[in-house]
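This report introduces a structure to a reader who has not met it before. The sequence and the coordinates are shown first, and the description follows.

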2 protein chains.
Amino acid sequence: MIMEAPAIRDLKRLCIHTITTRPWSLEDAVRHYTAVGVAGISVWRQAIEGMNPVQAGRRIREAGMEVVSLVRGGFYPAERQSDRRRAVEENLRIIDEAAALGAPHVVLVCGAVPGQPLEESRKQIREGIEATVEHAAAAGVKLAIEPLHPMYADSRSAINTLSQANDLAEAIDSPVVGVAVDVYHLWWDPDLEGQIRRLGRMGKILAFHICDWKTPTGDFLYDRGLMGEGCIPIRRVRGWVEAAGFSGFNEVEIFSNERWTQINAYRDAS
Amino acid sequence: MIMEAPAIRDLKRLCIHTITTRPWSLEDAVRHYTAVGVAGISVWRQAIEGMNPVQAGRRIREAGMEVVSLVRGGFYPAERQSDRRRAVEENLRIIDEAAALGAPHVVLVCGAVPGQPLEESRKQIREGIEATVEHAAAAGVKLAIEPLHPMYADSRSAINTLSQANDLAEAIDSPVVGVAVDVYHLWWDPDLEGQIRRLGRMGKILAFHICDWKTPTGDFLYDRGLMGEGCIPIRRVRGWVEAAGFSGFNEVEIFSNERWTQINAYRDAS
């Protein structure tokens with residue numbers, strides 16, 4: 001017996017990450033999302049490159065949408081200390097950008113250095129986050145540690161389970177540091193339900209990201225599926241997240257060469 | 001500070017999986033392996049298809065090599081009970097094949113069904129193994145549960161961490177059931193050292209498989225690296241396995257389109 005959350009019939013809790021519709025400009029995304037009633041948008045930094053983030057945030061809100069998050073900060077580990085310092089400086093700028101945009105939190109892809117011991121990367125991740133916590137608090141921006149699937153442990157994140165992310169958030173022990181739960185990264189974990197409950201007790205579920213895992217998956221990065229195209233029990237995990245107290249957006253975050261090609265073809269044809 | 005096992009200077013504990021040199025026939029593999037002093041061979045079923053396994057085993061031993069394992073059994077889960085029964089029957093045949101070949105254990109890739117809840121697959125895996133334990137004991141063949149990387153949780157194995165494999169072996173509680181530790185699948189796990197120690201205390205480390213994780217990895221199945229080409233701290237993990245009491249072979253198991261192409265080119269040119 002699988003406990004599932006009931007279907008959601010409106011789009012009031014639906015958020016889309018701009019990367020999902022990567023070929024669209026921010027303006028296109030805002031127009032298309034609002035046209036069908038999508039209520040939230042998570043803004044990838046590339047989508048506002050060269051723009052004034054204050055104006056971008058205002059445009060989004062004037063269109064009737066909520067800025068759910070800025071994606072993404074992190075990538076703290078590096079072999080040289082000067083590079084780690086640069087990463088912290090970059091994260092301070094990202095926090096400022098989130099504040100200007102009006103994003104309540106920044107999603108953190110924590111980083112990893114191929115060949116550097118994972119525990120060293122984890123130490124550097126903790127130091128990196130801690131070096132930005134005070135600035136984030138002053139800016140009114142939270143930091144959402146996103147554990148990434150173990151297949152990204154080589155170069156993208158040394159934080160690969162919700163248990164690790166929870167431990168890290170607990171260790172840093174700051175009201176601005178929480179965790180983003182993404183079904184793509186975590187669905188396989190036998191301890192997922194328990195760790196979601198724990199995160200709920202900590203009051204630190206900052207985000208819930210959805211997409212699906214296709215069989216077969218053709219690419220390590222750009223072959224995520226739309227919800228329903230794969231094997232992830234999304235409604236079940238949503239049930240856990242909601243039972244743990246989360247009432248925020250369901251954020252659709254899909255990297256897909258196939259979908260981006262379709263979007264381009266649609267645009268070229270229209 | 002990383003504790004590493006010392007380098008091994010001879011090949012007495014080196015074993016190669018025939019899949020590593022897939023383009024070679026068993027005879028070619030035996031000739032080439034022994035020519036450079038490789039002491040062990042793990043035989044993939046494809047390599048002896050159509051052959052008499054008793055004769056294949058004899059040929060290997062006469063060449064001075066040890067049969068380390070037969071690869072692979074498993075794939076127990078299925079939606080229909082008739083298919084699960086067929087999987088058990090197939091595993092009984094594989095056990096007989098291992099006994100005929102003189103392989104002390106069969107490696108189990110446990111299986112998963114896309115969209116079937118992972119805990120249901122895990123239940124079916126346990127039932128499948130339990131249905132073959134008596135036969136394995138009578139045949140003098142052990143069964144090595146191999147936890148697979150979480151990126152294979154959709155369709156290849158619902159057992160994705162050493163902790164899960166250990167739990168399963170403990171639950172089945174049979175002297176013929178143990179675990180195979182493969183660095184490719186497990187290197188990212190923050191709990192790896194502790195679980196290897198636990199498995200050692202259980203007296204159930206049946207195999208140690210090595211290869212490397214390349215950055216980037218271009219294919220979900222066929223882009224493993226040679227030891228040293230990637231980021232896995234292999235000697236460190238070997239240190240843990242040996243400290244836990246394992247003194248068996250270092251088994252090289254590499255699926256690589258790139259290497260197979262090189263082997264073909266070498267053969268065509270010679």
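In this predicted model, 27 residues of chain A are in contact with 27 residues of chain B. Putting the chains together buries an area of about 2200 Å², and carbon and sulfur atoms give 71% of it. Asp154(A), Trp188(A) and Phe220(A) supply 26% of the area that chain A buries against chain B, more than any other three residues.

Polar and charged groups also take part in the interface. Two salt bridges are counted between chain A and chain B. One of them joins Glu119(B) to Arg236(A), with the closest N and O atoms 2.5 Å apart. In addition, eight residue pairs, both members at pLDDT 80 or more, are in polar contact across the interface. Helix α4 of chain A (residues 118–139) contributes three residues, the largest share of the side of chain A that touches chain B. The classes of residue on that side are set out below.

| Class of residue on the side of chain A that touches chain B | Count |
|---|---|
| Nonpolar | 13 residues |
| Polar | eight residues |
| Charged | six residues |

The arrangement of the two chains can be described next. A rotation of 180° with 0.0 Å of shift along its axis superposes chain A on chain B, with an RMSD of 0.0 Å. The two copies are thus related as by a two-fold rotation axis. Moreover, 100% of the interface residues of chain A are also interface residues in chain B, so the copies meet through the same surface.

Two local features of chain B complete the account. Thr20(B) lies in the loop between β1 (14–17) and α1 (26–35) of chain B. Its relative accessibility is 12%, and because the cut-off for burial is under 20%, Thr20(B) counts as buried. The side chain of Thr20(B) comes to 3.1 Å from the backbone nitrogen of Ile254(B). Leaving aside residues up to four places away in sequence, Thr20(B) touches Val252(B), Glu253(B), Ile254(B), Trp260(B) and Ile263(B).

The second feature is helix α5 of chain B (residues 162–172), whose buried residues are Leu162(B), Gln164(B), Ala165(B), Asn166(B), Leu168(B), Ala169(B) and Ile172(B). The elements of chain B that cover these buried residues include α4 (118–139), β5 (142–145), β6 (177–182), α6 (183–186) and α7 (192–201). Just after α5(B), Asp173(B) adopts a positive phi of about 50°.

Notes. Residues numbered from 1 in each chain as written. Chains lettered and ligands numbered in written order. Predicted model: local features only at pLDDT ≥ 70, side-chain atom pairs only at ≥ 80, totals over all residues. Heavy atoms only, no water. Contact = heavy atoms within 4.5 Å. Buried area = accessible area lost by both parts, 1.4 Å probe. Salt bridge = Lys/Arg side-chain N within 4 Å of Asp/Glu carboxyl O. Polar contact = N/O pair within 3.5 Å; in protein donor to acceptor, adjacent residues only side chain to side chain. Helix = DSSP H or I, 4+ residues; strand = E, 2+ residues; numbered from the N terminus. Nonpolar A, V, L, I, M, F, W, Y, C, P; charged D, E, K, R; others polar. Least-squares fit on C-alpha atoms with pLDDT ≥ 70 in both. Buried < 20%, exposed > 50% of the residue type's maximum accessible area, 1.4 Å probe, protein only.
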